[in-house]
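Grab a coffee and open the model in your viewer. Below are a few short exercises, each with a solution worked out step by step.

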Protein chains: 4
Amino acid sequence: MIIIMKRNASKEAVDHVSNIIRSKGLEVHLSQGQEVTIIGVVGDKSRLADQNLEIAPGVDRIVPVTESYKLANKKFHPQPSAIPVGNTEIGPNTLTIMAGPCAVESEEQLLLIAHEVKKAGATFVRGGAYKPRTSPYSFQGLEEEGLRYMAKAKAETGLNTICEVVSEAAIEAAVKYVDMIQIGARNMQNFQLLKEAGRSGLPVLLKRGLAATIDEWLNAAEYIMSEGNSKVVLCERGIRTFETATRNTLDISAVPVIKAKSHLPIIVDPSHATGVRDYVSPLAKCAVAAGADGLMIEVHNNPACALSDGPQSLTFPQFEVLSDELIPYAKLAERKFR
Amino acid sequence: MIIIMKRNASKEAVDHVSNIIRSKGLEVHLSQGQEVTIIGVVGDKSRLADQNLEIAPGVDRIVPVTESYKLANKKFHPQPSAIPVGNTEIGPNTLTIMAGPCAVESEEQLLLIAHEVKKAGATFVRGGAYKPRTSPYSFQGLEEEGLRYMAKAKAETGLNTICEVVSEAAIEAAVKYVDMIQIGARNMQNFQLLKEAGRSGLPVLLKRGLAATIDEWLNAAEYIMSEGNSKVVLCERGIRTFETATRNTLDISAVPVIKAKSHLPIIVDPSHATGVRDYVSPLAKCAVAAGADGLMIEVHNNPACALSDGPQSLTFPQFEVLSDELIPYAKLAERKFR
Amino acid sequence: MIIIMKRNASKEAVDHVSNIIRSKGLEVHLSQGQEVTIIGVVGDKSRLADQNLEIAPGVDRIVPVTESYKLANKKFHPQPSAIPVGNTEIGPNTLTIMAGPCAVESEEQLLLIAHEVKKAGATFVRGGAYKPRTSPYSFQGLEEEGLRYMAKAKAETGLNTICEVVSEAAIEAAVKYVDMIQIGARNMQNFQLLKEAGRSGLPVLLKRGLAATIDEWLNAAEYIMSEGNSKVVLCERGIRTFETATRNTLDISAVPVIKAKSHLPIIVDPSHATGVRDYVSPLAKCAVAAGADGLMIEVHNNPACALSDGPQSLTFPQFEVLSDELIPYAKLAERKFR
Amino acid sequence: MIIIMKRNASKEAVDHVSNIIRSKGLEVHLSQGQEVTIIGVVGDKSRLADQNLEIAPGVDRIVPVTESYKLANKKFHPQPSAIPVGNTEIGPNTLTIMAGPCAVESEEQLLLIAHEVKKAGATFVRGGAYKPRTSPYSFQGLEEEGLRYMAKAKAETGLNTICEVVSEAAIEAAVKYVDMIQIGARNMQNFQLLKEAGRSGLPVLLKRGLAATIDEWLNAAEYIMSEGNSKVVLCERGIRTFETATRNTLDISAVPVIKAKSHLPIIVDPSHATGVRDYVSPLAKCAVAAGADGLMIEVHNNPACALSDGPQSLTFPQFEVLSDELIPYAKLAERKFR
């Protein structure tokens, strides 16, 4: 931690701050510039947690030197993690494809889609049973019934299953039926839910919040991990910006940034990132080229009748074409795929 | 609802879309331009909810004509609402000042602050018992113990009380102790929590999400109201932008925009919006001039030792000066204050 | 300047960086933490301008301590400046109102509007003769002819005049006709134009760029001032964010932030910030309450026929009402007005 | 163009708007909904350019149906364009690599870099002779001298050359020395410069503005093209968002969006988009996978001493490795490269 003093900070002000630091058993390194004095703090900064040095007289600003997340931090775990889920693992040696409808609508719909996406190379079927919708008057999901269909789809196809959870009750139900739970973008800082997800012990796919910085995202992962659950996979799904040509702006740089800062795997969801079917395939390939560990893609038997998010879903033939096109990209990335 | 067809849309495509609409018992108005055909839909659009017309062949895009929120909409409730809370009301005739520490730290701290802010003109004491913090290693709040101190502060001072809730359990506890609950920015689209807040029957202060549009915010209010609880007050607390000189960017335009679109009261929180103590007073005055129904302001007995958010808290003398300065602004706005 | 080394930086790396700094005649202050080494640089940092220490081995990042703008910086000029323009001055003791049409359309239009806004209390008439328009097929302005009408409006009404310039040629013409030139948001980092504006010697109103940070804005002011022209006034006119309810998002916090960082006056343009007539008046009052030194407001004799930006223009009666309402706010701010 | 009336719009209001439209020789299509009336306009909308229908009584909002750019629009030119530049062309069949230093520093530096990047597969050498810098005290470029070195680099290596221009004078000089000019992000809406670039007849690389929507970007291209110069290539270089882990946020979706809306080629600049050397290579590959027609990459003989933007420059060996890695990606995209 570095404390930058104001240009006109008095010697008293510098001494005052230095004394507070020393009183907590920490060391002070003074750097007296021509215009500005800088105070370096050496030792365990958590001892200063109840001191708001930022508003002590003469202080201009405080610059943190180390990240606040530890378990998710690459510095303490330099090798990329591979997260075991169901009969597979998500990590540096595989290209994981999660595919399925935005919302589970019926048993037959889910089974039909599961069979088709498996045929085309997916290793997970995804499908929302609890839907967070902007308007209370929109379709909200089949809830536990939908989870039961997920379990059935797994039994019939052998695919791994993933489903979004939006409450403690949903986590309790999901534990019984699916291989992995998803925390959606709107709940990325629902810290209560993060802790529950940590306690569940299930692998967690943590989507990035619409306006979350990468640091906040890794801190959200830390919430899950600090409950003893290290099975966290990140998912970039677009951030909110001024551009309206796509529903969100896919922050593809997040892939190499996460690889530099964390050991956790990261997958990319081009369907929600763009909201436009025609852009899904180019962005799926681009994500693999950028180093992503997997993809989450919306596929629907009849996009025109999907109860939720139809315009961004691929049809079966479109998904099959994409999956075939991904083969050489997976090979270039030295990842196991099909 | 208006459907704009693609430039090269065939007659078949136009007929196909028109037939779907008519099959749901709705009327079609065709507008054949030189370049583009437009299809107007007349009738109850909710009948089209399971049709993704957006991806029907030849469709370019769909333009909604009416908002998806109803209960929060000014169109159906033209007069501004006054929301009764405790011994007061929040609305067009009053200037409500909520003041207090970011986090409740101890009984004596809260009582001290409550007495001081009351003296200076506040009608609510605020204080966080459940703190949503970016890092799991930061102070998370006193929880129910903090709520008990809030109740004590009310008993001693007669001030109304408000406290943030972050889970169903917190709502259940809050009902017993405080006059109003707050849904924080990070939970604005935690729809489960919104519904619980609605069912609680308590007045709810709904803070705007960091990246929430005003329409999404009003839809979040609609979640609460659709559970039968119309006692909702909105709170603008800054949105996330590229600017870093302030912690968030106070969207002051939200005040007149909400007044144009909704009958719900709106208050402004300049403390969280800026994160800088020196900017709180000018922005508090500006919010009243813009038409806000109230202010939420952080005040602390010793900002330098606050466990959370110290740099933005006012001291007692600073709060007193601000409150005095607000008197003529409240008068100009024809609002009751002190 | 502070250099934060990487966690695993070797002693050689630290020495290498230290030696580069010392070789430029600067002093080094080492701060050896438990995890990280920090190098403070003491002396004139400009000597390091051709060294990219950021990519030297072992360097994590560099934290600047001092701002790059000097002439615009409050630290070296603590008193707020009052900028003389025409027969008035813009600064801490006055409330300046610039009013007029977005675009100059004809001589009679401009004269009519000038007389009306003068009557209602404006001290400047504004009007665009050179219009930067998104599409090349939109009305681009009357150019020098428009400037001549501005001069005539000044002669007839005694109002001061201001006009946007978009090129060197426009500056050369403007010098002959108007009291103040304006650099628009789209040209805020057109450094060539900034320098020319500096050399012109005319007072300059510098609008903030749509995506410019406050630091970049002050650096743009520095470009003008470094040419020997200290007559710069800033204008906040909204930044680009994700919100679409208003055309831009008025960053009202910019007013107190500029007051804290610079001695230059700042005015606010609520017309361009919102793009909606109904929001102009509440935001005008709010800007004065926040500490703004003036306002720029679009007024038109017939908003429904304005060639540019009609929806945000006030009518004469609306402007008159607003101007009357501003009187008590100007009084509270201890500013001369009407 | 569609006009959506307010819920309570009177018949008079509807008639008034309809009459204005008809008076301009256009047709009106009325669509009377249960809640809202919609007016479709058929014919050449430019005849309504001087009518601000948006503020006519009873009008809620206006929805444009067609884009304002024509020459850049794919609708009128469905085949992707290949732009001839120097001895090559930029377009759907080639992968163009522009490489070189951010700023031209000396003749020997530029020649050394030109030889190296040519060897590694670049077909253009880039280098700034006029540098738009945030602070007036930063290095501003060698100007015409730098252009002369560019011409020499072309003569010695046979590479095509590209250089940013920031003023009319710079364009006049550039015409004599280089094959292609670049309009930088900060000047994307410097309409005067766009027109001059159009008149110059030289191929133009148009970088996207930091806060420019894709529609504004295509309108900026339209400015150049409307001067009779159709040789325009677009360059995505990152947009400004709240995320600070990278200098800007690379909007990779812009590649497929541009391909859907325009026939113009688009290249990607991962160096400026991220500002971090380590992220350049993964994003370069990802851009090719997304469909980009080329890349602009900063390469420097000694990044640690670069006068500008060192931290994002690749070394020669790094560039060579990247160029080799791009070969299979170019092949997958069926583009000629090396």
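**Exercise 1. Get an overview of chain A: how many helices and strands does the chain have, and what share of its residues is buried?**

Start with the secondary structure: chain A comes to ten helices and 14 strands. Keep in mind that this is a predicted model.

Next, the dimensions. Along the principal axes, the C-alpha atoms of chain A fill a box of roughly 75 × 40 × 35 Å.

Then burial. Chain A has 338 residues, and 59% of them are buried.

Last, look at how the contacts run along the sequence. Take the contacts in chain A between residues at least 6 apart: 65% of these join residues at least 24 apart.

**Exercise 2. Work out which elements of chain A give two or more residues to the side that touches chain D, and which of them gives the largest share.**

Count first: 32 residues of chain A are in contact with 32 residues of chain D. The elements giving two or more residues to chain A's side are helix H7 (254-261), helix H9 (277-290) and helix H10 (316-332) of chain A. The largest share comes from H9(A), with eight residues.

Now sort that side by class: 20 residues are nonpolar, eight are polar and four are charged.

**Exercise 3. What rotation superposes chain A on chain D, and which residue of chain A comes closest to the axis?**

The superposition takes a rotation of 180° with 0.0 Å of shift along the axis, at an RMSD of 0.0 Å. Put together, that is the relation of a two-fold axis.

To find the axis in your viewer, go to Cys286(A): of the residues of chain A, its C-alpha comes closest, at 2.1 Å.

Finally, check the contact surfaces. The same surface serves both copies, since 100% of the contact residues of chain A recur in chain D.

**Exercise 4. Put the strands of the four-stranded sheet in chain B in order, and find out why one side of S2 and of S4 is left without a neighbour.**

The order is S2-S3-S1-S4 in chain B; the sheet is open and its pairing is antiparallel. Strand S2 (27-32) and strand S4 (59-63) of chain B stand at the edges with a single partner strand each, so one side of each has no neighbour in the sheet. On average, neighbouring strands of this sheet are turned by 20° against each other, direction ignored.

Zoom in on one pair: S2(B) and strand S3 (residues 37-42) of chain B pair in the antiparallel sense over six bridges. There, Ser31(B) has Ile38(B) in S3(B) as its bridge partner.

Now add the helix. Helix H1 (residues 11-23) of chain B packs on the sheet and touches strand S1 (2-5), S2, S3 and S4 of chain B. The direction of H1 makes about 5° with that of S3(B).

**Exercise 5. Test whether the length of helix H2 of chain C agrees with its residue count, then say what its buried residues pack against.**

Helix H2 (residues 107-119) of chain C has 13 residues, so at 1.5 Å a residue it should span 18 Å. Its end C-alpha atoms are 18 Å apart, which agrees. If you multiplied by 13, note that the expected span uses one less than the number of residues.

Now list the buried residues of H2(C): Gln109(C), Leu110(C), Ile113(C), Ala114(C), Glu116(C) and Val117(C). They pack against strand S7 (96-100), strand S8 (124-126), helix H3 (144-157) and helix H10 (316-332) of chain C.

To finish, step just past H2(C): Gly121(C) takes a positive phi of about 115°.

Key. Residues are numbered from 1 along each chain as its sequence is written. Chains are lettered from A and ligands numbered from 1 in the order in which they are written. This is a predicted model: local features need pLDDT of at least 70, side-chain atom pairs count only at pLDDT 80 or more; totals for chains, interfaces and linings use all residues. Two residues are in contact if their C-beta atoms, placed from the backbone, lie within 7 Å. Ala, Val, Leu, Ile, Met, Phe, Trp, Tyr, Cys and Pro count as nonpolar, Asp, Glu, Lys and Arg as charged, and the others, Gly among them, as polar. Copies are superposed by least squares on the C-alpha atoms of residues with pLDDT of at least 70 in both. A residue is buried if 20 or more other C-beta atoms lie within 10 Å of its own, exposed if 12 or fewer, and partly exposed in between; C-beta atoms are placed from the backbone. Two strands pair if DSSP finds at least two bridges between them. Axes are lines fitted to C-alpha atoms, for helices over the stretch in contact, and angles run from 0 to 180 degrees between N-to-C directions.
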